[in-house]
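Me: I should like to go through this protein by question and reply, beginning with its charges.

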Amino acid sequence: DATVNIDTRAVDLGPLLASYLPRHGQNVRGETELHAWLKGPLKRPERLEAQLEIPALSLGYQSVQIANAAPIRIGYRGGIVTIERAELRGTGSDLQLTAAVPVAGEGNVRATATGNLDLRILQLLSPTLESSGQVKLDVGARGTRARPDIHGVVQVINAAVQAPNA
């Protein structure tokens, strides 16, 4: 059996992002805080229990920003990862997510994503991209991992994405 606790204060994500995005990562800024625990037998993952809470998460690049509106809570129990209602807000964006997904086996999947994203947020992932427009989401998934039933509406509005030197 194991018991693990992790608690951080504010962690500057800038240096980490700079190492993964060496050309432009120094311009990406962010901060997070983590509180997590895990308990149970490591040789029997199906009997493990874990909880991760992210009270603060923010990312920004130039004028684009996104942050959590409330603590993000991710749990693991009985082989199922759950995301309680998580809400991310930022420059032209407001997205709500929930999910329950089995890690292994054929358990039932349940997930939703609703809201809108400003496509400039792609610049957080690849600062050299030029992007604009909106994506509006109202999608859900049910069923099994092998046979998910994905339904809903995705609207792409006035979207433009351009790679550097394109």
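Me: How far apart are the mean positions of the positive and negative charges of the protein?
Reply: Lys and Arg count as positive and Asp and Glu as negative, while His and the chain ends are not counted. Each charge is placed at NZ of Lys, CZ of Arg, CG of Asp or CD of Glu. For the 17 positive and 16 negative charges of the protein, the mean positions are apart by 4 Å.

Me: On what basis were these values obtained, and what is the order of elements in the protein?
Reply: This is a predicted model, in which local features need pLDDT of at least 70 and side-chain atom pairs pLDDT 80 or more, whereas totals for chains, interfaces and linings use all residues. Residues are numbered from 1 along each chain as its sequence is written, and side-chain values use heavy atoms, without hydrogens and water. Helices (DSSP runs of H or I, at least four residues) and strands (runs of E, at least two) are numbered from the N terminus. The protein has 2 helices and 11 strands, in the order β-β-α-β-β-β-β-β-β-β-α-β-β.

Me: Which residue takes a positive phi in the hairpin of β6 and β7?
Reply: Strands pair if DSSP finds at least two bridges between them. Strand β6 (residues 72-77) is antiparallel to strand β4 (residues 49-61) over 6 bridges, and β6 also pairs with strand β7 (residues 80-90) in the antiparallel sense, over 4 bridges. Arg77 stands opposite Ile80 in β7. The hairpin has 2 residues between the strands, and the residue with a positive phi near 60 degrees is Gly78.

Me: Which residue meets Glu53 in a salt bridge?
Reply: A salt bridge requires a side-chain nitrogen of Lys or Arg within 4 Å of a carboxyl oxygen of Asp or Glu, and the structure holds 7 of them. For Glu53, the N to O distance is 3.1 Å and the partner is Arg73. Because Glu53 lies in strand β4 and its partner in strand β6, the pair ties together parts 20 residues apart in sequence. The partner of Glu53 is thus Arg73.

Me: Is Glu87 buried or exposed?
Reply: Buried means under 20% relative accessible area, exposed over 50%, and partly exposed in between (1.4 Å probe, protein chains only). Glu87 forms a salt bridge with Arg85 at 3.4 Å, N to O, and Arg85 is exposed at 53%. With a relative accessibility of 9%, Glu87 is buried.

Me: Which residues are joined into one network by salt bridges that share partners?
Reply: Asp94 and Arg89 meet in a salt bridge at 3.9 Å, N to O. The network joins Arg85, Glu87, Arg89 and Asp94.
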